[in-house]
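Dear colleague,

I am handing over the structure below, together with some notes on what turned up when I went through it. Please read the notes with the structure open beside them.

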Amino acid sequence: MDIKLNIEIDNGSGFCFGVTTAIRKAEEELSKGETLYCLGDIVHNGMEVKRLEDKGLITIDHEQLKELHGVKVLLRAHGEPPETYEIARHNGITIIDATCPVVLALQRRIKKQYEKIGNQTSSPSVKLGEEPVDPEAQIVIFGKNGHAEVLGLVGQTNGHAIVIENLDDAKSKLDFTHDIYLYSQTTKSLDEFHAIIDYIQKHISKDAVFRSFDTICRQVANRMPNIAQFASRHDVIIFVAGRKSSNGKVLFKECLSVNPNSHQIESADEIDMAWFANAHTVGICGATSTPKWLMEQCRDYILKLD
């Protein structure tokens with residue numbers, strides 16, 4: 001290229017607190033030279049998963065967990081349903097619990113609400129506090145069906161929670177004649193969550209109670225305006241994230257809406273130097289599951305070929 005590119009890595013991108021803690025715990029256990037299993041990918045980034053597997057981490061699924069006995073298993077930041085802990089107890093498995101504190105607090109809130117509804121079902125005359133609880137109340141989770149965090153949240157209700165992925169789901173799946181308690185997966189969009197709240201408020205029966213709980217992690221939510229500002233400052237954006245990352249999809253969509261010259265990649269070898277033909281500045285950013293070392297690797301790859 002005739003013009004040397006100016007490359008900036010977004011300081012606000014990279015692992016969130018929960019992922020950082022999970023990886024630190026994994027590395028601490030692996031440094032002892034003991035066998036350590038992880039239930040599911042520790043983070044939705046294939047290259048970071050491989051780095052830890054090269055250090056000895058063994059990734060397993062829930063079916064494989066049932067066959068293990070007397071070993072150590074790390075639970076990642078996304079959290080797990082009660083059933084996982086029960087299997088571990090039954091099989092003599094030592095749990096290294098790296099559930100994010102934000103997710104853990106959300107699990108407890110949902111479980112407490114579910115138990116209130118259950119108590120009302122068994123004793124309809126009981127009032128809890130100033131407000132009676134509808135025995136047919138719905139616990140609703142705004143999140144992605146099948147996502148690890150959402151499975152853990154639904155597990156707090158013995159599978160009774162209703163998962164909605166968007167506003168259309170709210171319209172079709174909810175009974176507006178009964179109480180609704182709405183929670184959110186911690187990494188969802190605040191704007192979408194508020195749109196769902198507005199719709200329910202307008203359509204809920206006057207005889208029903210509606211409560212919404214803003215359980216979206218601010219460390220993640222605040223990245224939306226920050227990454228939009230970052231994307232607007234550069235000619236080309238390289239967004240580094242695993243394609244399985246829910247958070248990555250949301251953040252990349254935000255980049256693309258601000259800067260159409262945004263490209264999502266998982267590794268440096270996916271970079272096409274033709275993207276920079278008329279560029280002066282390049283911004284490199286990523287998801288909460290993107291390691292800083294990977295963004296730096298992408299920067300070095302571009303500089304080498306520039």
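What share of the contacts in the protein chain with a separation of 6 or more is accounted for by residues 24 or more positions apart? Such residues account for 70% of those contacts. Please keep in mind throughout that this is a predicted model, and that every value in this message was computed from it.

To begin with the chain as a whole, it has 306 residues, of which 52% count as buried, and it contains 12 helices and 12 strands. Taken along the principal axes, the box filled by its C-alpha atoms is roughly 80 × 50 × 25 Å. The accessible surface amounts to about 14700 Å², and 49% of this belongs to carbon and sulfur atoms. As for charge, there are 34 positive and 43 negative charges, and their mean positions lie 3 Å apart.

Two sheets deserve a description, and I take them in the order of the chain.

One is an open sheet of four strands with parallel pairing, in the order E3-E2-E4-E5. Its edges are formed by strand E3 (57-60) and strand E5 (94-97), and because each of these has a single partner strand, one side of each is left without a neighbour in the sheet. From one strand to the next, the twist averages 30°. Within this sheet, strand E2 (residues 36-39) and strand E4 (residues 72-75) are paired in the parallel sense over two bridges, and Tyr-37 stands opposite Val-73 in E4. Helix H1 (residues 17-30) packs on the sheet, where it touches E2, E3, E4 and E5, and the direction of H1 makes about 165° with that of E4.

The other is likewise described as an open sheet of four strands with parallel pairing, here in the order E7-E6-E8-E9. Strand E7 (162-164) and strand E9 (210-212) stand at its edges, and since each has a single partner strand, one side of each is left without a neighbour in the sheet. With direction ignored, neighbouring strands of this sheet are turned by 20° against each other on average. Strand E6 (residues 138-142) runs parallel to E7 and is joined to it by three bridges, with Ile-162 in E7 as the bridge partner of Val-140. Helix H8 (residues 190-203) packs on this sheet, touching E6, E7, strand E8 (180-184) and E9, and the direction of H8 makes about 175° with that of E8.

Strand E8 is worth following from one side to the other. Five bridges join E6 to E8, the two running parallel, and the bridge partner of Ile-141 in E8 is Tyr-183. Three bridges join E8 to E9, again in parallel, and here the bridge partner of Tyr-181 in E9 is Arg-211. How many of the five residues of E8 are buried? Five of the five are, so E8 is largely enclosed by the rest of the structure. Ile-180, Leu-182 and Ser-184 point one way from the strand, whereas Tyr-181 and Tyr-183 point the other way, and all of them are buried.

The two tyrosines of E8 also lead to a residue outside the sheet. Gln-113, which is found in helix H5 (residues 101-122), touches Tyr-181 and Tyr-183 as well as Ile-139, not counting residues up to four places away in sequence. Gln-113 has a relative accessible area of 9%, and because the cut-off for buried is under 20%, it counts as buried.

Finally, two residues towards the end of the chain may be of use to you. Thr-288 lies in the loop between strand E12 (281-286) and helix H12 (292-305), and it is buried, with a relative accessible area of 7%. Residues up to four places away in sequence aside, Thr-288 touches Gly-14, Phe-15, Cys-16, Val-19, Val-220, Arg-223 and Asn-247. Leu-303, in helix H12, is by its relative accessible area of 36% partly exposed. Leaving aside neighbours within four places in sequence, Leu-303 is in contact with Lys-4 and Ile-7, and its C-alpha atom is separated by 9.3 Å from that of Asn-6, although the two residues are 297 residues apart along the chain.

With kind regards

Key: Residues numbered from 1 in each chain as written. Predicted model: local features only at pLDDT ≥ 70, side-chain atom pairs only at ≥ 80, totals over all residues. Heavy atoms only, no water. Pairing = 2+ DSSP bridges. Axes fitted to C-alpha atoms, helices over the stretch in contact; angles between N-to-C directions. Contact = heavy atoms within 4.5 Å. Buried < 20%, exposed > 50% of the residue type's maximum accessible area, 1.4 Å probe, protein only. Areas by Shrake-Rupley, 256 points an atom, 1.4 Å probe, with all protein chains shown as cover. Lys, Arg positive; Asp, Glu negative; His and termini not counted. Charge placed at Lys NZ, Arg CZ, Asp CG, Glu CD.
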